[in-house]
Number of protein chains: 2
Amino acid sequence: MNETIHGMPPTLHDVAREAGVSLATASRSLNGSTRKVNETYRARVLEAAERLGYVANLSAQSIAKGTSSTLALIVSDIADPYFSSIASGVVRDAEQLGLVSTIGITQRDAKRELDIVRTLRGQRPRVVIVAGSRFVDAELDEQLTRELEAIRNLGGRVVMVSQRSLPFDTVQIDNHGGARDLALALVERGYRSFAALTGVSSLMTARDRLAGFRAGLAEHGLELAEERVFESDFTRDGGYDAGGRMLERGIDDIDCVFAVNDVMAVGAMSRLREEGVDVPGRLAIAGFDDIATARDVTPALTTVRLPLEQVGAAAIELATAETDGHAIVTISGEVVVRESTPQRG
Amino acid sequence: MNETIHGMPPTLHDVAREAGVSLATASRSLNGSTRKVNETYRARVLEAAERLGYVANLSAQSIAKGTSSTLALIVSDIADPYFSSIASGVVRDAEQLGLVSTIGITQRDAKRELDIVRTLRGQRPRVVIVAGSRFVDAELDEQLTRELEAIRNLGGRVVMVSQRSLPFDTVQIDNHGGARDLALALVERGYRSFAALTGVSSLMTARDRLAGFRAGLAEHGLELAEERVFESDFTRDGGYDAGGRMLERGIDDIDCVFAVNDVMAVGAMSRLREEGVDVPGRLAIAGFDDIATARDVTPALTTVRLPLEQVGAAAIELATAETDGHAIVTISGEVVVRESTPQRG
DNA sequence: CTATGCTGGGCAAGCGTTTTCCGGCGACAG
DNA sequence: CTGTCGCCGGAAAACGCTTGCCCAGCATAG
């Protein structure tokens with residue numbers, strides 16, 4: 001495994017020369033080409049490659065084959081446990097398939113997302129997985145669709161996560177159904193008057209969850225008035241903030257808060273604790289996602305469990321399957337009741 | 001922006017033809033080459049590129065230039081907040097520099113790490129940032145060093161995070177000092193008899209933090225007996241597990257637990273809560289890293305704050321700086337005292 | 001008016017692979 | 001013994017881009 005003395009990495013050329021065969025034979029020996037090569041030669045090549053520490057140049061391969069081995073994953077924020085869990089699943093499975101994972105971070109900015117996808121074209125990725133929560137904006141959606149279609153025309157597979165409305169294969173998360181189930185479970189446990197902490201209303205995921213929650217309440221003749229919905233960022237700090245605004249308004253007529261995701265719930269819990277509100281004694285709280293932390297806060301958080309790593313896996317599976325480009329895989333959550341929503345007297 | 005009708009993406013060739021100039025002129029117009037090109041031509045080329053929806057093929061550029069625009073980040077586990085925070089910083093800054101970030105996950109397996117680095121060679125990355133906590137294993141270390149040196153010989157910059165002993169630029173985290181400071185702070189608050197929850201002893205980071213903690217105690221004539229050190233995985237579940245083992249042993253003679261990282265601390269807190277141990281009433285606890293969750297658990301966790309995103313930024317800075325390849329930037333933590341370690345009567 | 005530079009376009013040679021195509025060779029059938 | 005065919009090695013043409021080099025055109029100086 002001694003490298004060539006001078007700076008340059010060994011090329012296939014070097015290997016071929018070292019093994020005393022042609023470039024073609026060397027190439028055919030080193031990757032499972034369709035053509036067979038004599039075992040003697042093959043061994044000589046492998047041995048030479050090993051000795052020189054040869055590793056094929058991926059870029060050269062891409063350009064020669066006309067197809068890269070890159071998977072591009074786009075997320076809103078990799079530090080958010082929701083996305084890092086998905087990423088974890090995606091990267092693991094991608095590796096298994098011999099794909100190199102690249103990652104783009106939109107910082108929850110639709111404009112940035114568009115930029116990222118655009119520059120992605122340059123990579124000629126074989127798979128693009130768009131996991132950033134999408135916004136409701138026809139204009140940007142259309143541009144994004146165009147870019148993604150361009151990538152698809154270049155031979156790349158596009159998979160959306162949790163975004164039903166674009167014409168690509170998608171791993172859909174049943175936000176509506178999960179939130180509905182959660183609402184039912186909460187009502188069953190005796191809660192009657194709710195408030196909600198949510199992300200900006202242009203955020204698809206937030207909308208769907210809120211709508212689902214309302215649907216669940218409606219089944220029991222309950223409703224969630226607009227004035228009890230507090231909008232903020234879709235993050236921990238957003239939850240902290242929205243929780244504060246809820247307190248300012250007053251919580252006399254509220255017995256349970258639904259945060260549209262766990263990080264917001266966790267932020268809100270911190271705020272409530274700081275302000276001396278007893279959770280769950282005075283106010284119960286529930287979230288959505290079941291991030292790892294949900295078990296570890298006090299009280300442990302009632303939520304809707306989403307098999308996040310599995311979402312990543314499903315995305316990859318879709319990407320490698322034969323589809324018409326409009327396949328939809330739905331992943332459903334499951335209500336997990338914990339101490340943050342005890343049975344109510 | 002209408003693509004060519006047939007499947008193939010437009011190439012520079014197409015743009016040149018469309019603009020009625022040579023390949024060379026087209027190339028020079030589209031990237032800031034050293035050579036100037038007449039404004040008339042330049043405009044024509046840009047316009048043609050726009051019209052065709054041309055985006056340069058990154059692979060082709062890499063191979064033509066002999067240098068890629070890839071940054072490779074290697075972490076143990078992207079779902080761990082420690083690493084995802086670092087990744088967040090790295091990816092953001094990389095993007096700013098026009099680098100595409102690829103990511104590899106070692107799953108805390110040194111063997112896998114080696115594999116990953118090996119296949120990385122194929123990417124000819126311009127920068128490699130190795131953030132996975134390294135192990136103490138001379139054999140593997142040497143192989144890893146060889147691989148990384150090979151990459152460096154190919155013109156890539158290698159930066160280690162939190163790993164002092166390898167001959168590369170490194171962003172060092174002052175684990176020893178931070179843990180020492182923490183110990184001092186805890187003693188000052190009245191704690192006298194400690195236990196520790198730690199990762200496997202072959203894990204550098206765990207060792208250093210434990211050693212630092214002991215050093216701090218020693219300054220007050222205190223010590224941490226081996227039998228009060230509980231080893232487990234460097235994860236939340238590891239903390240949960242180690243906490244349980246500690247309880248089995250008995251905690252009559254312990255008033256404060258030091259977990260070598262926050263996720264372990266959080267896991268342990270959950271275990272303690274489950275077992276009915278009052279935290280911090282009966283037992284105080286402190287961690288290390290100051291992950292986001294540390295503020296949100298109850299009681300809020302005393303810890304050592306590490307500016308994790310900044311660590312990522314520092315790594316990139318090192319990678320782009322002129323160094324001898326042995327530069328060391330040290331990042332220090334700062335003790336943050338919270339409710340998990342109240343002043344002791 | 002010629003010598004000298006400088007500017008900037010274009011030709012073509014790479015970069016490290018894969019893959020097509022050609023041709024030599026051995027096997028086997030007639 | 002000849003004709004066919006399949007097998008497989010090697011030469012060379014791609015793949016999409018950058019860049020060294022040449023050279024035409026023009027401005028400036030002597």
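Trainee: How many salt bridges does the rule find across the interface of chain B and chain A?

Mentor: Four of them. Keep in mind that we're looking at a predicted model.

Trainee: What makes R112(B) and E95(A) a salt bridge?

Mentor: The cut-off is 4 Å between a side-chain nitrogen of Lys or Arg and a carboxyl oxygen of Asp or Glu. Here the N to O distance is 2.0 Å, so the pair meets the rule.

Trainee: And how many residue pairs are in polar contact across that interface?

Mentor: The rule finds 23, with both residues at pLDDT 80 or more. On the side of chain B that touches chain A, the elements giving two or more residues include α5 (81-96), β2 (100-105) and α6 (110-120). By class, that side has 23 nonpolar, 17 polar and 16 charged residues.

Trainee: What is the area buried between chain B and chain A?

Mentor: About 4400 Å², and carbon and sulfur atoms give 51% of that. In chain B, the residues losing the most area to chain A are R124(B), R273(B) and D296(B), together 13% of what that side buries.

Trainee: How do you know that the copies meet through the same surface?

Mentor: Compare the interface residues: 100% of those in chain B are also interface residues in chain A, so the surface is the same on both copies. In contact terms, 56 residues of chain B meet 56 residues of chain A.

Trainee: Why are the two copies said to be related as by a two-fold rotation axis?

Mentor: Lay chain B on chain A: the turn is 180°, the shift along the axis is 0.0 Å and the RMSD is 0.1 Å. The copies are thus related as by a two-fold rotation axis. In chain B, T102(B) comes closest to that axis, its C-alpha being 2.0 Å away.

Trainee: Why does A87(B) count as buried?

Mentor: Buried means under 20% relative accessible area. A87(B) has 1% relative accessibility, so the label fits. This residue is in helix α5 of chain B. Leaving out residues up to four places away in sequence, A87(B) touches L73(B) and I78(B), plus I78(A). The C-alpha atoms of A87(B) and V311(B) are separated by 9.3 Å, though the two are 224 residues apart along the chain.

Trainee: What about T198(B), buried or exposed?

Mentor: Buried, because its relative accessibility is 3%, against a limit of 20%. T198(B) is found in strand β6 (residues 194-198) of chain B. Among the residues T198(B) touches are L210(B), V229(B), F230(B) and M264(B), again with residues up to four places away in sequence not counted.

Methods
Residues are numbered from 1 along each chain as its sequence is written. Chains are lettered from A and ligands numbered from 1 in the order in which they are written. This is a predicted model: local features need pLDDT of at least 70, side-chain atom pairs count only at pLDDT 80 or more; totals for chains, interfaces and linings use all residues. Side-chain values use heavy atoms; hydrogens and water are left out. Contact means heavy atoms within 4.5 Å. Buried area is the accessible area (1.4 Å probe) that two parts lose on being put together, summed over both. A polar contact is a pair of N or O atoms within 3.5 Å; within protein, one must be able to donate a hydrogen and the other to accept it, and residues adjacent in sequence count only if both atoms are side-chain atoms. Helices (H or I, at least four residues) and strands (E, at least two) are DSSP runs, numbered from the N terminus. Ala, Val, Leu, Ile, Met, Phe, Trp, Tyr, Cys and Pro count as nonpolar, Asp, Glu, Lys and Arg as charged, and the others, Gly among them, as polar. Buried means under 20% relative accessible area, exposed over 50%, partly exposed in between (1.4 Å probe, protein chains only). Copies are superposed by least squares on the C-alpha atoms of residues with pLDDT of at least 70 in both.
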